[in-house]
Structure formats: structure tokens, C-alpha cells
Amino acid sequence: MDEDVPKVDAARTALVLMDFQPAVLGTLAESDTAVLLANAGKALTWARSAGLTVAYVRVAFRDADYAAIPEHNRSFAPLRGGGMLADGSPECEIVDSLRPQQGEIVVRKTRFGTFSTTSLSPRLREAGIESLILAGISTSGVVLSTVRDAADQDFQIYVLADACADGNSHVHSLLTEAVFPHQAYVINTAQLDQLA
């Protein structure tokens with residue numbers, strides 16, 4: 001691992017798995033999905049064995065959430081009719097291979113970012129978390145929004161490039177190679193053993 005990537009204190013670090021749900025996985029090519037889930041699974045196994053906090057973020061809407069979406073919201077206004085990404089539907093559950101264990105944090109969101117519509121940030125702070133290791137779909141959606149917000153909240157950030165994916169591979173490469181390194185350490189799952 002690059003010498004300038006600092007090690008983490010496991011007691012103060014969380015692995016955050018974002019949007020690993022059938023509805024979101026469906027936006028990727030099937031061949032990309034298998035590799036992505038395998039890498040996310042490796043990260044999860046490592047985090048649990050190293051004693052990190054594990055947090056899950058999933059997107060799902062309830063009736064009041066649909067009603068609260070303004071018509072001018074380009075990304076979410078199409079959901080206003082309800083039904084898509086409905087909380088409780090199988091498409092919004094976390095995939096079985098990454099199923100949360102008792103005591104792990106699970107939050108539901110209604111926008112791209114991990115923090116803006118959830119209680120995740122205060123829960124992590126209460127647990128003494130200072131560093132975040134991020135994995136998720138999509139790189140240009142939840143990962144980008146979370147990197148920016150987490151940096152503004154002064155978390156130390158690591159992005160697992162091979163446990164993130166985007167429907168546009170060029171955008172994924174651009175973000176992980178040129179954008180994220182300004183605010184995060186971009187690593188791969190093979191480097192996790194050297195991190196703690």
C-alpha cells in the first residue's frame with residue numbers, strides 16, 4: 001500500500017455499505033455485479049473480523065417521502081407517483097450476501113447522499129467514529145455525495161474503488177482517479193489487511 005495512506009484505528013472506523021439493493025444493482029451490467037458483490041463481501045468480512053463498526057445505507061420511500069419530493073427535483077420527481085423504491089419491497093432490501101448482523105447500523109435514506117436524510121452522522125459520532133471506509137452504488141451518486149459531505153464533516157475517508165461501481169465506467173474511473181483523491185484515500189479491497 002502507498003506509504004502516505006494512513007492506517008486506521010478499528011475502534012474509530014466504520015465500513016459504510018451504500019445502496020447494495022436489487023433496485024440499484026439492476027442499473028449495472030450483470031458481469032460487474034458479481035465482482036462488485038464479491039469485493040463488498042470481502043470488505044464486510046474484513047471489517048467484522050477487524051472489529052470495525054459496520055453501517056448500511058439503503059434508499060427507500062414511504063408515502064410521506066413521495067409527497068415531500070418537489071416537482072422541480074429532476075432526479076426524484078419521477079418517483080412522486082409512488083410505487084418505485086417503496087419501503088418494504090424486495091427491491092429495496094439489502095442483498096442477502098451482505099445481510100446486516102444484529103447490532104450493525106442500518107439507515108434508510110430518500111436522497112443521494114448518506115447523511116442528508118438519515119441519522120447516520122450523529123450515530124457515528126456518538127460511537128466515536130472518525131474514519132469512514134466507503135463502498136457503494138453508484139460512484140457518481142451516493143459515493144460522490146457521501147465523499148463530499150463526509151469531507152465537510154471532517155471524517156477521514158477511504159473509498160474502496162473496486163467495491164464501488166457506476167453505470168458509466170468512464171465516470172467511475174474519473175471520480176476514483178481524479179476527483180476523490182482530493183478528499184479521500186482511494187484504495188482497493190486487497191489493501192484492507194494493511195489498513196488496520
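Here are a few notes on the cores and on helix α6 in this predicted model.

1. Start with the packing. The largest nonpolar core counts 41 residues, and Phe20, Leu98, Ile133, Leu160 and Leu195 have the most contacts inside it. The elements that each give two or more residues to this core are β1 (13–18), α1 (22–25), α2 (30–50), β2 (53–59), β4 (131–137) and β5 (156–165). The top contributor is α2, with seven residues.

2. There's another core apart from that one. It has 26 residues, including Ala14, Val16, Val143 and Ala184.

3. Now for α6, which spans residues 169–179: its buried residues are His172, Leu175, Thr176 and Val179. Looking down the axis of α6, you'll find them within an arc of 120 degrees, so they line one face of the helix. That fits the usual geometry: an α-helix has 3.6 residues a turn, so residues three or four places apart point the same way. On the other side of α6 sit Ser169, His170 and Glu177, which are exposed.

4. What do the buried residues of α6 pack against? Their partners are α5 (139–152), β5 and β6 (185–187).

5. Have a look at the start of α6 too. There, a side-chain oxygen of Asn168 comes to within 2.9 Å of the backbone nitrogen of His170.

6. His172, in helix α6, deserves its own point. Its relative accessibility is 15%, and buried means under 20%, so His172 counts as buried. Leaving out residues up to four places away in sequence, His172 touches Thr139, Ala161, Cys164, Ala165 and Asp166.

Conventions: Residues are numbered from 1 along each chain as its sequence is written. This is a predicted model: local features need pLDDT of at least 70, side-chain atom pairs count only at pLDDT 80 or more; totals for chains, interfaces and linings use all residues. Side-chain values use heavy atoms; hydrogens and water are left out. A nonpolar core is a set of buried Ala, Val, Leu, Ile, Met, Phe, Trp, Tyr and Cys residues joined through side-chain atoms within 4.5 Å. Buried means under 20% relative accessible area, exposed over 50%, partly exposed in between (1.4 Å probe, protein chains only). Helices (H or I, at least four residues) and strands (E, at least two) are DSSP runs, numbered from the N terminus. The arc is that of the directions from the helix axis to the C-beta atoms. Contact means heavy atoms within 4.5 Å. A polar contact is a pair of N or O atoms within 3.5 Å; within protein, one must be able to donate a hydrogen and the other to accept it, and residues adjacent in sequence count only if both atoms are side-chain atoms.
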